[in-house]
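Work through the exercises below with the model open beside you. Try each task before reading its solution.

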Amino acid sequence: MTVRYWTGASSGAYNAGGNWELGSVPVANDDVVIQGSVSITSGLNQSGIAIDTFTVLESYTGAIGSVNEYLQLDVDDEFVYSSTGGPSYIDIAGNAIKPQIFNTKAFAGGDYGLYLKGGTGGTAVTSLTVHKGAVHVNEHGGGTNTSSFTTINVGFVNNQSSDSKVLITPGTTVTNLNISGGEVELQVAVGTINMLAGVLTTTGSGAITTLNLRGGTAYPKSNGVITSLNASDGTIDFTRDSTAKVVTNLNADGATITFDKNILTITNLNADGIRTIS
């Protein structure tokens, strides 16, 4: 195992040995560390080299890849991203790893700091955790790419309401989504959502099997069916648009729920201690 440090001493080519501290490009089982200020702009298809870890340091001020060409990686053990440089476009391919995002360039003008693909080729990413930053999950603009994540966790470091901003676009398969802070826009179906804080907005037509609302605010705009909504705290507002919506089983105990009966159909309602429902 060798640690390879990016320097960008001669160009922005990932596949040029002169751009790495030891004078040679990363090979299988290496640990790769991205540092300095030089953007990585070419030699981006590294999907055939199975590195152990890939770390983008907080001090790194460059960008990685582009909207038209992602840096393609085969990371077997660990992916860590902390840079406020960028934006960065990275494809971590199909490995059962647990990427950790500690910070990114701030969201501005509709653009995210990190565009991340993963879980291709039939193997889902085990869990993606966004502690802080603006992360676009799957291909820029939606595209035709497919990504797969067993679990996505969205949280915070200092500011629970604004540290994280995550967009999950069509083509993404997500089994579990856990939200404890930040803002999440969900454009796809999810098996189970556990929400403790933050803001969740759903759009498109993705269904949700189970939504456990224990805090925060949810704005369902999707016309996908919510099979079970268990609302024990927080707020859920179905009136932000006129899209017809269906909740099969609504179990409410203490949450604030707002809806228009002409828009939302509730098949089975169990309301015990609900604060407001209209």
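**Exercise 1. Place Ala-9 in the predicted model: which loop holds Ala-9, and is Ala-9 buried or exposed?**

Solution.
- Step 1: find the loop. In this predicted model, Ala-9 sits between β1 and β2.
- Step 2: check the surface. The relative accessible area of Ala-9 is 64%. Exposed means over 50%, so Ala-9 is exposed.
- Step 3: list the contacts. Setting aside neighbours within four places in sequence, Ala-9 touches Gly-18 and Asn-19.
- Step 4: take one distance. Ala-9 and Val-38 are 29 residues apart along the chain, and their C-alpha atoms are separated by 8.1 Å.

**Exercise 2. Stay in the loop between β1 and β2 and turn to Asn-29. What is the phi of Asn-29 near?**

Solution.
- Step 1: locate the residue. Asn-29 belongs to the loop that runs between β1 (3-5) and β2 (31-34).
- Step 2: read the backbone. Phi is near 75° for Asn-29, a positive value in a residue other than glycine.
- Step 3: judge the exposure. Asn-29 has 42% relative accessibility. That value lies between the cut-offs of 20% and 50%, so Asn-29 counts as partly exposed.

**Exercise 3. Repeat the analysis for Ala-93. Where does Ala-93 lie, and is Ala-93 buried or exposed?**

Solution.
- Step 1: locate the residue. Ala-93 is in the loop between β5 and β6 (100-101).
- Step 2: read the backbone. Ala-93 has a positive phi, near 60°, and is a residue other than glycine.
- Step 3: apply the cut-off. Buried means under 20% relative accessible area. Ala-93 has 18%, so Ala-93 is buried.

**Exercise 4. Find the partner: which residue does a cis peptide bond join to Gly-86?**

Solution.
- Step 1: name the bond. The cis peptide bond links Gly-86 to Pro-87. Its omega is about 10°.
- Step 2: place the proline. Pro-87 is in the loop between β4 (71-81) and β5 (88-91).
- Step 3: follow a contact. Pro-87 is one of the residues in contact with Tyr-112.

**Exercise 5. Describe the setting of Tyr-112. Which residues are in contact with Tyr-112, leaving aside its neighbours within four places in sequence?**

Solution.
- Step 1: locate the residue. Tyr-112 lies in the loop between β6 and β7 (114-117).
- Step 2: check burial. With a relative accessible area of 8%, Tyr-112 is buried.
- Step 3: list the contacts. They are Pro-87, Phe-107, Ala-134, Val-135, His-136, Lys-165 and Leu-167.
- Step 4: take one distance. Gly-43 is 69 residues from Tyr-112 along the chain, and 23 Å separate their C-alpha atoms.

**Exercise 6. Set Ser-164 beside Glu-139. Which strand holds Ser-164, and which loop holds Glu-139?**

Solution.
- Step 1: take Ser-164. Strand β11 (residues 164-168) contains Ser-164. Its relative accessible area is 1%, so Ser-164 is buried.
- Step 2: look around Ser-164. Beyond neighbours within four places in sequence, its contacts include Val-130, His-131, Lys-132, Gly-133, Phe-156 and Glu-183.
- Step 3: take Glu-139. The loop between β9 (133-137) and β10 (147-154) holds Glu-139. Glu-139 has 22% relative accessibility and counts as partly exposed.
- Step 4: add a distance. Glu-139 and Tyr-89 are 50 residues apart in sequence, and 8.9 Å apart C-alpha to C-alpha.

**Exercise 7. Search the whole structure for cavities. How many cavities of 30 Å³ or more are found?**

Solution.
- Step 1: count. The search gives one cavity of 30 Å³ or more.
- Step 2: give the volume. The largest cavity holds about 60 Å³ of space.
- Step 3: inspect the lining. Among the lining residues are Thr-202, Ile-208, Pro-220, Phe-238 and Lys-245.
- Step 4: sort the lining. Five residues are nonpolar, four are polar and one is charged.
- Step 5: find the strands. β14 (208-220) and β16 (245-252) each supply at least two lining residues.

**Exercise 8. Describe the whole chain. How many helices and strands does the chain have?**

Solution.
- Step 1: count. There are zero helices and 19 strands.
- Step 2: test the radius of gyration. A compact globule of 278 residues would have a value near 19 Å; the chain has 20 Å, which agrees.
- Step 3: give the extents. The C-alpha trace spans about 65 × 35 × 30 Å along its principal axes.
- Step 4: check burial. Of the 278 residues, 49% count as buried.
- Step 5: read the surface. The accessible surface is about 11,100 Å², and 46% of that belongs to carbon and sulfur atoms.

Terms used
Residues numbered from 1 in each chain as written. Predicted model: local features only at pLDDT ≥ 70, side-chain atom pairs only at ≥ 80, totals over all residues. Heavy atoms only, no water. 1 Å grid on protein atoms, 1.4 Å probe; cavity = no way out; pocket = protein on both sides within 12 Å on 5 of 7 lines; lining within 4 Å. Points joined across faces, edges and corners; volume = space filled by probe spheres on them. Helix = DSSP H or I, 4+ residues; strand = E, 2+ residues; numbered from the N terminus. Nonpolar A, V, L, I, M, F, W, Y, C, P; charged D, E, K, R; others polar. Rg over C-alpha atoms; globule rule 2.2 N^0.38 Å. Buried < 20%, exposed > 50% of the residue type's maximum accessible area, 1.4 Å probe, protein only. Areas by Shrake-Rupley, 256 points an atom, 1.4 Å probe, with all protein chains shown as cover. Contact = heavy atoms within 4.5 Å.
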